Amino acid sequence: MGRGRVSRNDPCPCGSGRKFKNCCYGKGIDQSGGDEGLGRPPVRTTSGKPERRGKYPIGTVALYGPDDKTTTKIAAGVVTSPTAEPILKRWVATDVITNSKVQRDIQEFFTRHGVKSVVVSKGNMGCPHEEGEDFPTGEDCPFCPFWAGKQGSNRRD
């Protein structure tokens with residue numbers, strides 16, 4: 001993730017473990033490796049016309065970990081309209097990125113909600129602990145010193 005455009009022979013960004021060309025290629029899955037949505041081939045409808053991009057529901061995948069190199073949590077969301085609250089599901093494991101069950105669960109979650117395109121974070125966005133639940137709001141996570149001052153309401157830019 002975050003390495004630029006996904007080639008057909010790269011692992012699929014949906015996390016299935018299969019090659020992109022044998023999985024989500026041409027199905028509207030973000031191929032840019034980031035959240036820009038650039039570089040994707042146009043998705044064709046049954047009439048042969050290009051499908052409009054940005055159609056809902058949209059899937060999101062955000063990665064979290066104790067530092068910027070170790071991912072221990074994946075949060076997937078489905079946004080059904082511009083004004084709807086997202087539908088969220090989370091997976092936590094030491095092998096969350098390579099775990100085939102997690103990958104299948106994410107794929108099934110998006111399929112069940114009819115997701116038309118997916119946006120994936122370029123890397124870990126913050127610590128896997130939740131401000132206000134695992135540690136007090138407005139404070140740094142006591143479990144993840146790497147993220148001190150870099151996330152949440154305590155961000156210092």
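Reader: Is Lys73 buried or exposed?
Author: Happy to start there, keeping in mind that this is a predicted model. Lys73 has a relative accessible area of 6%. Because the cut-off for a buried residue is under 20%, Lys73 counts as buried.

Reader: Which residue meets the side chain of Lys73 in a salt bridge?
Author: The N to O distance in this pair is 2.7 Å. The pair links distant parts of the chain, with Lys73 in strand 2 (residues 73-79) and its partner in the segment after strand 4 (117-124), 57 residues apart. That partner is partly exposed, at 21% relative accessibility. The residue you are after is Glu130.

Reader: Which residues do salt bridges with shared partners join into one network?
Author: Good one to follow up. Lys73 and Glu130 meet in a salt bridge, and Arg90 belongs to the network as well. The network therefore consists of Lys73, Arg90 and Glu130.

Reader: How many residues apart are Lys101 and Asp105 in helix 1?
Author: Their side chains meet in a salt bridge, at 3.1 Å from N to O. Lys101 is partly exposed at 48% relative accessibility, whereas Asp105 is buried at 18%. Both sit in helix 1 (residues 100-112), separated by about one helical turn, and the spacing is four residues.

Reader: What is the distance between the closest N and O atoms of Asp68 and Lys69?
Author: These two residues form a salt bridge. Asp68 is partly exposed at 42% relative accessibility, while Lys69 is exposed at 71%. Their closest N and O atoms lie apart by 3.6 Å.

Reader: And how many salt bridges does a search of the whole structure find?
Author: Among them are Asp68 with Lys69 and Lys101 with Asp105. For the whole structure, the search finds four.

Definitions and conventions
Residues are numbered from 1 along each chain as its sequence is written. This is a predicted model: local features need pLDDT of at least 70, side-chain atom pairs count only at pLDDT 80 or more; totals for chains, interfaces and linings use all residues. Side-chain values use heavy atoms; hydrogens and water are left out. Buried means under 20% relative accessible area, exposed over 50%, partly exposed in between (1.4 Å probe, protein chains only). Helices (H or I, at least four residues) and strands (E, at least two) are DSSP runs, numbered from the N terminus.
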